[in-house]
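The exercises below are meant to be worked through with the sequence and the 3D view side by side. Try each task before reading the solution that follows.

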Amino acid sequence: PQAHADNSFVASAETNAIAEFDSSGNGTTFGYAGGAPSSFLAFDSSGNLYVSSSDGNIYKLDLNGNSSIFATSSSGLSDPLGLAFDSSGNLYVANFHDDNVLKFGTNGNSSVFAFLPGEGPRGLAFDKSGNLFVTTLFGNNIEEIDSNGQVSTFFAGNRNSPSGLAFDSSGN
């Protein structure tokens, strides 16, 4: 959103607060995501902020920081971590304890997009081609998932426990 265009947002690992920092480094509390510590963040194309929380829910904060629950365990969540939106507006969630990636359609319905058995998916990011990349705790890898949900190893790690990841505008 234009009002938040140059700002950075940080989820607290100790509280449920989401901080917003302007380009000068001045911080304020943007909003709260439920009653438990927050971890990963993603914006949809309308500027709403989605937050995964250690209470097992995903929260949606509107442009003013007002919070509502977007998804719960009844949607298939089991310790949601990384979040990423595709170019069609679907939300993908690293579902840590169930070793899968869930896809929430624009209608809010969820389905399993890909399985990562025994790997513990954490961070998510899409590349320019629409492939989803996933960091894994137990696999210590970065996995690539194509648009059909087929998983292949992009980078095989050696116990470095990758977490978050992102692509720059050049695709790096």
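**Exercise 1.** In what order do the strands of the open sheet of four strands lie, and is their pairing parallel or antiparallel?

*Solution.* Keep in mind from the start that this is a predicted model. Following the open sheet from one side to the other gives the order β8-β9-β10-β11, and the pairing is antiparallel. The strands at the edges are β8 and β11, each of which pairs on one side only. Neighbouring strands of this sheet are turned against each other by 25° on average, if direction is ignored.

The individual pairs can then be taken in turn. Strands β8 and β9 are antiparallel and pair over four bridges, and within this pair alanine 84 has tyrosine 92 of β9 as its bridge partner. Between these two strands the hairpin has five residues, and there glycine 89 takes a positive phi near 90°. Further along the sheet, β10 (residues 100-104) is joined to β11 by five bridges, again in the antiparallel sense, with lysine 103 standing opposite serine 111 in β11.

**Exercise 2.** Which residues touch the most other members of the largest nonpolar core, and which elements give two or more residues to this core?

*Solution.* Begin with the members: the largest nonpolar core has 15 residues, and those touching the most other members are Tyr92, Val101, Phe113, Leu124, Leu132, Val134 and Ile145. Next, assign the core to elements: β8 (80-85), β9 (91-95), β11 (110-115), β12 (121-126) and β13 (132-136) each give two or more residues. Apart from this core lies another one of eleven residues, including Ile58, Ala71, Leu77 and Leu102.

Finally, look at single parts of the picture. In β8, six of its six residues are buried. Leucine 132, if residues up to four places away in sequence are not counted, touches a set of residues that includes Ala84, Tyr92, Val101, Phe113, Leu124 and Ile145. As background, nonpolar side chains in soluble globular proteins tend to be buried together.

**Exercise 3.** Is asparagine 57 buried or exposed, and is asparagine 148 buried or exposed?

*Solution.* First, locate the two residues: asparagine 57 is in the loop between β5 (49-53) and β6 (58-61), while asparagine 148 is in the loop between β14 and β15. Second, apply the cut-offs, under 20% relative accessible area for buried and over 50% for exposed. Asparagine 57 has a relative accessibility of 12% and therefore counts as buried, whereas asparagine 148, at 63%, counts as exposed.

Third, examine the surroundings. Leaving out residues up to four places away in sequence, asparagine 57 touches Val51, Ser52, Ile69, Ala71, Thr72, Ser73, Leu77 and Pro80. The strands on either side of the loop that holds asparagine 148, namely β14 (residues 141-145) and β15 (residues 151-156), pair in the antiparallel sense over five bridges, and in β15 serine 152 is the bridge partner of glutamate 144. In this hairpin, with five residues between the strands, glycine 149 takes a positive phi near 85°.

**Exercise 4.** How many helices and strands does the chain have, and which radius of gyration would a compact globule of 172 residues have?

*Solution.* Counting the secondary structure gives zero helices and 15 strands. For 172 residues, a compact globule would have a radius of gyration near 16 Å, and the chain agrees with this because its own value is 15 Å. Of these 172 residues, 45% are buried.

Technical notes
Residues are numbered from 1 along each chain as its sequence is written. This is a predicted model: local features need pLDDT of at least 70, side-chain atom pairs count only at pLDDT 80 or more; totals for chains, interfaces and linings use all residues. Side-chain values use heavy atoms; hydrogens and water are left out. A nonpolar core is a set of buried Ala, Val, Leu, Ile, Met, Phe, Trp, Tyr and Cys residues joined through side-chain atoms within 4.5 Å. Buried means under 20% relative accessible area, exposed over 50%, partly exposed in between (1.4 Å probe, protein chains only). Contact means heavy atoms within 4.5 Å. Two strands pair if DSSP finds at least two bridges between them. The radius of gyration is taken over C-alpha atoms; the globule rule is 2.2 Å times the number of residues to the power 0.38. Axes are lines fitted to C-alpha atoms, for helices over the stretch in contact, and angles run from 0 to 180 degrees between N-to-C directions.
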